[in-house]
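Hi there,

Here is the structure I promised to pass on to you. Have a look at it first, and my notes follow underneath.

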Amino acid sequence: MSERRKLWDDYAACWSADPSIRPTALGAVAVDDVAYRDPGTEVGSRAELDAYMSGFAGAFPGHRFRIDEVLDHHDRSLARWTQVGPDGAPFMTGVSSAVHRDGLLADVTGFFLPA
């Protein structure tokens, strides 16, 4: 498994992580001033992203993200992902792109794909 693939897998796990460990887990994959945006939000720090992830976990209990594919070169990567429900069935798919800094995610943009 490539370093970038592991980074994306660990990042995906943050979305459904226990709130008591999420800040530490997120600190292992993203810089403190990480920028994150998707069609519904835009945040500019790890603390803000942690809060957004908490809201996601509350809105979609038992859901998690599975990384299906990672493409990368230079300081950028693209991850294709699937959001799966508690029963393991696909709920939504999308892609996220990132700029990396110091081996961590520095700027992440998520796109939701139509069903």
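Of the 115 residues in the chain, 40% count as buried. Please keep in mind that this is a predicted model, and that the values below are computed from it.

On the surface side, the chain exposes about 6200 Å². Carbon and sulfur atoms supply 57% of that exposed area. As for charge, there are 11 positive and 17 negative side chains. The centres of these two sets lie 3 Å apart.

Now to the overall fold. You will find three helices and six strands in the chain. Following the sequence from its start, the order is α-α-β-β-α-β-β-β-β, so two helices come before two strands, then a helix is followed by four strands.

The dimensions come next. Taken along the principal axes, the C-alpha atoms fill a box of roughly 35 × 30 × 25 Å. A compact globule of 115 residues would have a radius of gyration near 13 Å, and because the chain has 13 Å, the two agree. Contacts across the sequence add to this picture: among those with a separation of 6 or more, 42% are between residues 24 or more positions apart.

I also looked at two residues that you may like to find on screen.

The first stop is T82, in strand β4, which covers residues 76–84. Is T82 buried or exposed? Its relative accessible area is 4%, and because the cut-off for buried is under 20%, T82 counts as buried. The side chain of T82 makes a polar contact of 2.5 Å with the side chain of D68. D68 also appears among the residues that T82 contacts beyond its neighbours within four places in sequence. The others in that list are R64, F65, R66, P90, M92 and T93.

The second stop is A12, which belongs to helix α1 (residues 3–14). A12 has a relative accessible area of 4%, so it is buried by that cut-off too. Which residues does A12 contact, leaving aside its neighbours within four places in sequence? They are F65 and I67. F65 is also in the contact list of T82, so to speak a shared partner for A12. If you would like a distance to check in your viewer, try A12 to T41: they are 29 residues apart in sequence, and their C-alpha atoms are 17 Å apart in space.

Happy browsing, and write back with any questions.

Best wishes

Note on methods: Residues are numbered from 1 along each chain as its sequence is written. This is a predicted model: local features need pLDDT of at least 70, side-chain atom pairs count only at pLDDT 80 or more; totals for chains, interfaces and linings use all residues. Side-chain values use heavy atoms; hydrogens and water are left out. The radius of gyration is taken over C-alpha atoms; the globule rule is 2.2 Å times the number of residues to the power 0.38. Buried means under 20% relative accessible area, exposed over 50%, partly exposed in between (1.4 Å probe, protein chains only). Contact means heavy atoms within 4.5 Å. Accessible areas come from the Shrake-Rupley method with a 1.4 Å probe; for residues, only the protein chains shown count as cover. Lys and Arg count as positive and Asp and Glu as negative; His and the chain ends are not counted. The place of a charge is taken as NZ of Lys, CZ of Arg, CG of Asp or CD of Glu. A polar contact is a pair of N or O atoms within 3.5 Å; within protein, one must be able to donate a hydrogen and the other to accept it, and residues adjacent in sequence count only if both atoms are side-chain atoms.
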